[in-house]
Amino acid sequence: MDCRLGCGACCIAPSITSSFPLHPNGKKAGERCKQLDENNLCKLFGNPKRPDVCHNFQAAEWVCGESNKQALSILTELEIITISD
């Protein structure tokens, strides 16, 4: 599956613990990444400063669902589950 351009759910729902531009202490779950532009596209895409967790993310139906809203819901739930463990 290819990413839905302009979705941005994977840049909002998960926490990121590593430092990256504009987020020296990472970012909290549910916080909009400061690297998302007004079209929900990553300004660091293809840049080596992009966090590994972002670079390694693979869009898949079970994660992204059928809409941007569903992707945000699924990724938020996955974040909650992994924090609880």
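This note covers two pockets and one buried lysine in a predicted model.

1. Largest pocket. Its volume is about 540 Å³. The lining counts 25 residues, and those closest to the centre are Cys-3, Cys-10, Phe-45, Arg-50 and Phe-57. Two elements, α1 (52-56) and α3 (68-84), give two or more residues each to this lining.

2. Character of that lining. Nonpolar residues number 17 in the largest pocket. The rest of its lining is 6 polar and 2 charged residues.

3. Second largest pocket. Here the volume is about 270 Å³. Lining residues number 16; nearest the centre lie Cys-10, Pro-14, Val-53, Phe-57 and Leu-75. At least two lining residues come from each of α1, α2 (61-64) and α3. The most come from α3, with 4 residues. By class, the lining has 11 nonpolar, 4 polar and 1 charged.

4. Residues in both lists. Cys-10 and Phe-57 are named among the residues closest to the centre of the largest pocket. Cys-10 and Phe-57 are also among those nearest the centre of the second largest pocket.

5. Lys-27. This residue sits in the segment before α1. Lys-27 is buried but has no salt bridge. The nearest side chain of opposite charge is Glu-31, 5.6 Å away. A salt bridge needs a nitrogen-to-oxygen distance within 4 Å.

6. What does the side chain of Lys-27 reach? One partner is the backbone oxygen of Ile-12, at 2.9 Å. Another is the backbone oxygen of Pro-14, which lies 2.7 Å from a polar atom of the Lys-27 side chain. Pro-14 is also one of the residues nearest the centre of the second largest pocket.

Definitions and conventions:
Residues are numbered from 1 along each chain as its sequence is written. This is a predicted model: local features need pLDDT of at least 70, side-chain atom pairs count only at pLDDT 80 or more; totals for chains, interfaces and linings use all residues. Side-chain values use heavy atoms; hydrogens and water are left out. On a 1 Å grid over the protein atoms alone, a cavity is a set of points where a 1.4 Å probe fits but cannot get out, and a pocket is an open set with protein on both sides within 12 Å along at least five of seven lines; lining residues have an atom within 4 Å of a point. Grid points are joined across faces, edges and corners, and a volume is the space filled by probe spheres set on the points. Ala, Val, Leu, Ile, Met, Phe, Trp, Tyr, Cys and Pro count as nonpolar, Asp, Glu, Lys and Arg as charged, and the others, Gly among them, as polar. Buried means under 20% relative accessible area, exposed over 50%, partly exposed in between (1.4 Å probe, protein chains only). Lys and Arg count as positive and Asp and Glu as negative; His and the chain ends are not counted. A polar contact is a pair of N or O atoms within 3.5 Å; within protein, one must be able to donate a hydrogen and the other to accept it, and residues adjacent in sequence count only if both atoms are side-chain atoms.
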